[in-house]
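Open the model in your viewer and keep the selection box handy. We will go from stop to stop, with a note on what to select and what you will find there.

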Amino acid sequence: MERTILLRSLSCSPLACSRLFSRSAHRLPAHSFSRSHSRPIPRGPCRRSPHLRRWRLLPVASSPYSSSSSCVRFSGRYSSLSARAVATPTQPSPETFGVSDGVAEKYGFEKVSEEFIKECKSKATLFRHKKTGAEIMSVSNEDENKVFGIVFRTPPKDSTGIPHILEHSVLCGSRKYPLKEPFVELLKGSLHTFLNAFTYPDRTCYPVASTNTKDFYNLVDVYLDAVFFPKCVEDIQTFQQEGWHYELDNPSEEISYKGVVFNEMKGVYSQPDSILGRASQQALFPDNTYGVDSGGDPQVIPKLTFEEFQEFHQKYYHPSNARIWFYGDDDPNERLRILNEYLDQFDANSAANDSKVEPQKLFSKPVRVVEKYPAGEGNDAKKHMVCLNWLLSEKPLDLETELSLGFLDHLMLGFPASPLRKILLESGLGDAIVGGGIEDELLQPQFSIGLKGVSEDDIPKVEELIMNTLKKLAEEGFDTDAVEASMNTIEFSLRENNTGSFPRGLSLMLRSIGKWIYDMNPFEPLKYEEPLMALKKRIAKEGSKAVFSPLIEKFILNNPHLVTVEMQPDTEKAAQDEAFEKEILEKVKASMTEEDLAELARATMELRLKQETPDPPEALKAVPSLSLSDIPKEPIHVPTEVGDIDGVKVLQHDLFTNDVLYTEVAFDMSPLKQELLQFVPLFCQSLLEMGTKDLSFVQLNQLIGRKTGGISVYPFTSSVRGKEDPCSHLIVRGKSMAGRADDLFNLVNIILQEVQFTDQQRFKQFVSQSKARMENRLRGSGHGIAAARMDAKLNVAGWISEQMGGISYLEFLRSLEERVDQDWDEISSSLEEIRKSLLSKSSCLINMTADGQNLRNSEKLVSKFLDSLPRNSNAASTSWRARLSPENEAIVIPTQVNYVGKAANIYETGYQLDGSAYVISKYISNTWLWDRVRVSGGAYGGFCDFDTHSGVFSFLSYRDPNLLKTLDIYDATADFLRELEMDDDTLTKAIIGTIGDVDSYQLPDAKGYSSLLRHLLGITDEERQKRREEILSTSVKDFKEFADAIEAVRNKGVSVTVASPDDVEAAHRERSGHFQVKKVL
């Protein structure tokens, strides 16, 4: 999962929130408006969620400013518009927020404790509801991005996926909101900044956020009614839709399994990293709830009964088992009033005791586990994985130890130059690291590390290397500069509190709940100042070796609770899993009488009819919504001063940033030769992970960590509306405290001009790592691969991006890996040629975001930086006019689910952009595609995307059991629009929901960066205002007329599907020659 309003990512590095593949109004790992199961906590140590780490909101390794390369592509959905622009009334300072004891008593609460948390400038009060025992954290401050969340402990006893299916189902109608899916209505017509639900291994969270107070309380009410009084516990069809059911259209056909969660988890179980994570967690915790899969095992999910489902809700979804969180600038008294209306309807029960998670007892000796994962043919069949996992403690750790372990984790793995990470990658024994290091989000902390892409013979060598490296670190300690770099990075991240598009209040909630859910102090995780200062003093007094070596020895080297997980590639596994499922279904059918089969076909039709029948208008009116009068008529203004320093254009944004300077340096990429494009992502990584004449790459990385908040380098490419040539730039992003701006610009200069492309072995590692990431993306984010491939067939910008982050790039990496040893001089020269082609004062643009005084102070530093650049590039501008051939493609990989895409350029039909297109495309996603592809079709997600810069309108599905059926649904979209009947309330909701996306909440650095991208793409404030007015004046007539434009997708569109061999073969039998088949894994 992934959350951005600006970028369609073709990333060469992991997304910061990769584990939040969630029930969300934000896009599925690149685009979608879809909801789903999410595990912010790993089901094993192969994934980490930096936003949710207790002591590290955004570790440098995953930060947008991190020392890792990323190639991204600008998406046109809402980028031309604005950041959130909802006014809120002036609020008192946090110190004056409060609830008197009398008011608390009036609403049935008692005040347990109250503190002012200086780290987040908030007054936090813990209340207890006297009648039920529900606990409430009420956090008051001046943040307009208000957050609510309700969390239940939900420990499963098996892998049927009850918590996950219930998380999906409770938002499908409730007592007060008796329609099919109030969640979707909120997607359509709310100004939410976050709308989601997460299933963890032991708890389920339901968070929402909004900057508009009226909208916020609407969201809170819908969620409270959903969790306490859902329709799903009385409606087996919701259970069947979201969980699983047998499907049979005709008694003469084969029975199949359908269900949103069922198909989602088939996708999860197709990904090797996910299989490793599951195996690791279950082997580490064989005796408690973490030993099963809360998300559901596809082979076990069909064993779940509706009665068990009902019982689970009744047992755990009760106020006595609830932790409730409020955060922001709303009235704390109103929070209690709203809550008591719901909580007072219950009496206390034993859920709080019944749901307690028992600790796993530590092993007396190590354990080894061997599992298989589905692999493709050829080299893929030789790629083993091995991961060492330790359970660190039987009891919760004290605060000082926990912080010290987090710091140790960053020292060992946080930077590219961190010793454990560096030694493993430089060993040549594997392609990429697996294991999340320290994970402290479950009851007991874990440490995991390993490699993937390992040959079978080298598995013992990897294990030996890990153990020897850990022993050496315990014996020798860490370099002083490394300790300083980690300390600065962690401290900078904590103080900056930059959570990106993730609401700060939600990040704090998830940190707090990590202790609170286990009956520990919910305030403690919010306070880092004192323990951080104490740790710094201890390191200064005793030395880092005295602090960290005992931790390595006690918790890792001398700890017998070690689980080694070996994953073996199996080219037959995917087919065997499919055959196993088919065999079960054949037995089910054989056991049925003709009457049974006829009844199943009737039930299938009845469920589909319900799914595809719209809610009546009176039911829709039950969901609270805003009116157009609540919506600002103008987009938010980001202060932008366009100036000139030494002949170079400089954009400055005067915004409060808490004394942090954010800067971007952009270089025009048009002088680059076409044949060098595919080297650009590796060029970016080389700039950050190779050394100079005077500094090794380790020293350079440490210098960046000690002096700045992070630096990143990546290419940016987008179509420009009305122009044939794309906009393509190399962007260097950096941030530092304003007092260290000189260091920041000096380091940017060193990275750009002094790094030497001479380390052949490191470059070979970069190629192997990039190849492993791309292969992982194919399995986990096939919709992104399909989208990139379609774009590459339809416009030049899409072709460029696909060359640097799609199938073409993977093919390039595979051939390059063979070439590095033979043609290194030529490759090194290519990297140097890229530098000489791009780096020049004449092709440079500077963007800075900070308060006015710090901007003025930085101007002389910018001048000095610019003076160091070559005046002009050696290369002349070139023209990239390439595209991929336009045939339909089926990309075949070992998977149990499909990713189905179809797209066309609607500008080529004569369509002229109008703001109504934003409303219409969102409406298509949240109605037609939601109902037909997801709800009825059983896919995890179905959505459309309109890139307003290129004119490409695309349809995509995610973890889809179907292929041709989904393409048929896409082709029927124009007819859906022509036949659409829409009342004024529905239209108003669609408009408001679109404004909510357009005005997506942004922190100051994102506002400055968005302004830079608008400048590069020539989007003026006048155009933004025009589009907003068009959105607000959208009519039903616009929907009907848009049908003619997207008719082009049916008639002239190109289709790309990432799919399983069996489904591609079945599609070929039904429509011979429809796809060109391309086997990639």
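Start by selecting Phe946: at 2% relative accessibility, this residue counts as buried, where buried means under 20% relative accessible area, exposed over 50% and partly exposed in between (1.4 Å probe, protein chains only). Add Phe953, which counts as buried at 0% relative accessibility.

Before moving on, a word about what is on your screen. This is a predicted model, in which local features need pLDDT of at least 70 and side-chain atom pairs count only at pLDDT 80 or more, while totals for chains, interfaces and linings use all residues. Residues are numbered from 1 along each chain as its sequence is written, and side-chain values use heavy atoms, with hydrogens and water left out.

**Aromatic rings**

A pair of aromatic rings is described by the distance of the centres and the angle of the planes. Rings of Phe, Tyr and Trp (its six-membered ring) pair if their centres lie within 6.5 Å; planes under 30 degrees apart count as stacked, over 60 as edge-to-face and the rest as tilted. By this rule the model has 45 aromatic pairs.

Select Phe152 and Tyr317 for a stacked pair, with 4.6 Å from centre to centre and 25° between the planes. This pair links distant parts of the chain, 165 residues apart: Phe152 is in strand 7 (residues 146–153), and Tyr317 is in the loop between helix 8 (306–316) and strand 12 (322–328). Helices (H or I, at least four residues) and strands (E, at least two) are DSSP runs, numbered from the N terminus. Phe152 and Tyr317 are both buried.

Now go back to Phe946 and Phe953: their ring centres are 6.0 Å apart and their planes are at 40°, so this pair is tilted.

To see a group of rings, select Phe152, Tyr206, Tyr223, Phe228, Phe229, Tyr317, Tyr342 and Phe346, which form one aromatic cluster.

**Charges over rings**

Which ring has Arg203 over its face? Select Tyr200: Arg203 lies over it, at 4.2 Å from the ring centre. A charge sits over a ring if NZ of Lys or CZ of Arg is within 6 Å of the ring centre and within 35 degrees of the ring normal. For another example, select Arg733, which lies over the face of Tyr1009 at 3.9 Å from the ring centre.

**Helices that cross**

Two packed helices are described by the angle between their axes and the distance between the axes. Select helix 16 (residues 529–542) and helix 17 (residues 544–557): their axes come within 6 Å and cross at roughly 110°. Helix 16 is therefore roughly perpendicular to helix 17. Axes are lines fitted to C-alpha atoms, for helices over the stretch in contact, and angles run from 0 to 180 degrees between N-to-C directions. Angles under 35 degrees count as roughly parallel, over 145 as roughly antiparallel, 65 to 115 as roughly perpendicular and the rest as oblique.

Show the side chains of Leu535, Arg538, Ile539 and Glu542 in helix 16, and of Ser544, Ala546, Val547 and Phe548 in helix 17, since these residues make the contact. Contact means heavy atoms within 4.5 Å.

Keep helix 17 and add helix 11 (residues 399–413): the two pack at an angle of about 95°, with their axes 10 Å apart. Here Thr401, Ser404, Leu405, Phe407, Leu408 and Leu411 of helix 11 meet Val547, Phe548, Leu551, Ile552 and Phe555 of helix 17.

**Two loops with a positive phi**

Select Asn497, in the loop between helix 14 (480–496) and helix 15 (504–516). Its phi is near 55°, a positive value in a residue other than glycine. Next comes Arg959, in the loop between strand 27 (952–958) and helix 31 (964–971), with phi near 50°. Buried or exposed? Arg959 is buried, with a relative accessible area of 2%.

**Last stops**

Select Leu778 in helix 24 (residues 760–780), a residue that counts as buried at 0% relative accessibility. Beyond its neighbours within four places in sequence, Leu778 is in contact with Ile785, Ile807, Leu810, Ile891, Ile893, Val1058, Val1080 and Leu1081.

Finish at Pro182, in helix 3 (residues 182–189). Not counting residues up to four places away in sequence, Pro182 touches Leu171, Cys172, Gly173, Tyr177, Val222 and Val623.
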